[in-house]
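Q: I am new to this structure and would like to look closely at a single part of it. Please take me through that part slowly, in connected prose.

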Amino acid sequence: MNKTNNTGNVTKNIATYISDNNINLSELARKSGITYSLLYYSLGHKNRTRELRASELVKICSVLNINPMDFAD
């Protein structure tokens, strides 16, 4: 059985959403309570070195008023 890791896809999908909608990471960090550096290394850096944690995804989606399931593949 071939098991895939969807966490990376979710992080990639939300990073694309953030970029496409010109969402400011500093403002998102302030509103979500997630540090800017964590958001940057998960979403802003083109060679993403960190996957989002589930709790972070929920906080981000809450701030943006979007459904976390919209980013699942």
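At what angle do helix α2 and helix α4 pack, and how far apart are their axes?

A: This is a predicted model, in which local features need pLDDT of at least 70 and side-chain atom pairs count only at pLDDT 80 or more, while totals for chains, interfaces and linings use all residues. Residues are numbered from 1 along each chain as its sequence is written, and side-chain values use heavy atoms, with hydrogens and water left out.

Helix α2 (residues 25-32) and helix α4 (residues 54-64) pack at an angle of about 105 degrees, and their axes lie 9 Å apart. Helices here are DSSP runs (H or I, at least four residues) numbered from the N terminus, and axes are lines fitted to C-alpha atoms over the stretch in contact, with angles running from 0 to 180 degrees between N-to-C directions. The angle therefore makes α2 roughly perpendicular to α4, a term that covers 65 to 115 degrees.

Where the two helices meet, L28, K31 and S32 of α2 are in contact with K59, I60, V63 and L64 of α4, contact meaning heavy atoms within 4.5 Å. Sorted by class, this contact has four nonpolar, one polar and two charged residues; Ala, Val, Leu, Ile, Met, Phe, Trp, Tyr, Cys and Pro count as nonpolar, Asp, Glu, Lys and Arg as charged, and the others, Gly among them, as polar.

Within α4, the residues E56, L57, I60 and C61 are buried, that is, under 20% relative accessible area with a 1.4 Å probe and protein chains only, whereas exposed means over 50%. These buried residues are on the same side of α4 because they cover an arc of only 130 degrees around the axis, the arc being that of the directions from the helix axis to the C-beta atoms. On the face of α4 turned away from that buried side are the exposed residues A54 and S62.

I60 also belongs to the largest nonpolar core, where, of its 16 residues, I14, L39, L43 and I60 touch the most other members; such a core is a set of buried Ala, Val, Leu, Ile, Met, Phe, Trp, Tyr and Cys residues joined through side-chain atoms within 4.5 Å. Helices α1 (6-20), α2, α3 and α4 each supply at least two residues of this core, and its largest share, four residues, comes from α1. Leaving aside neighbours within four places in sequence, L39 is in contact with L25, L28, A29, S32, I34, G44 and I60.

Just past the helix, α4 is followed by N65, whose phi is positive, near 55 degrees.

Methods. Parallel < 35°, antiparallel > 145°, perpendicular 65-115°, else oblique.
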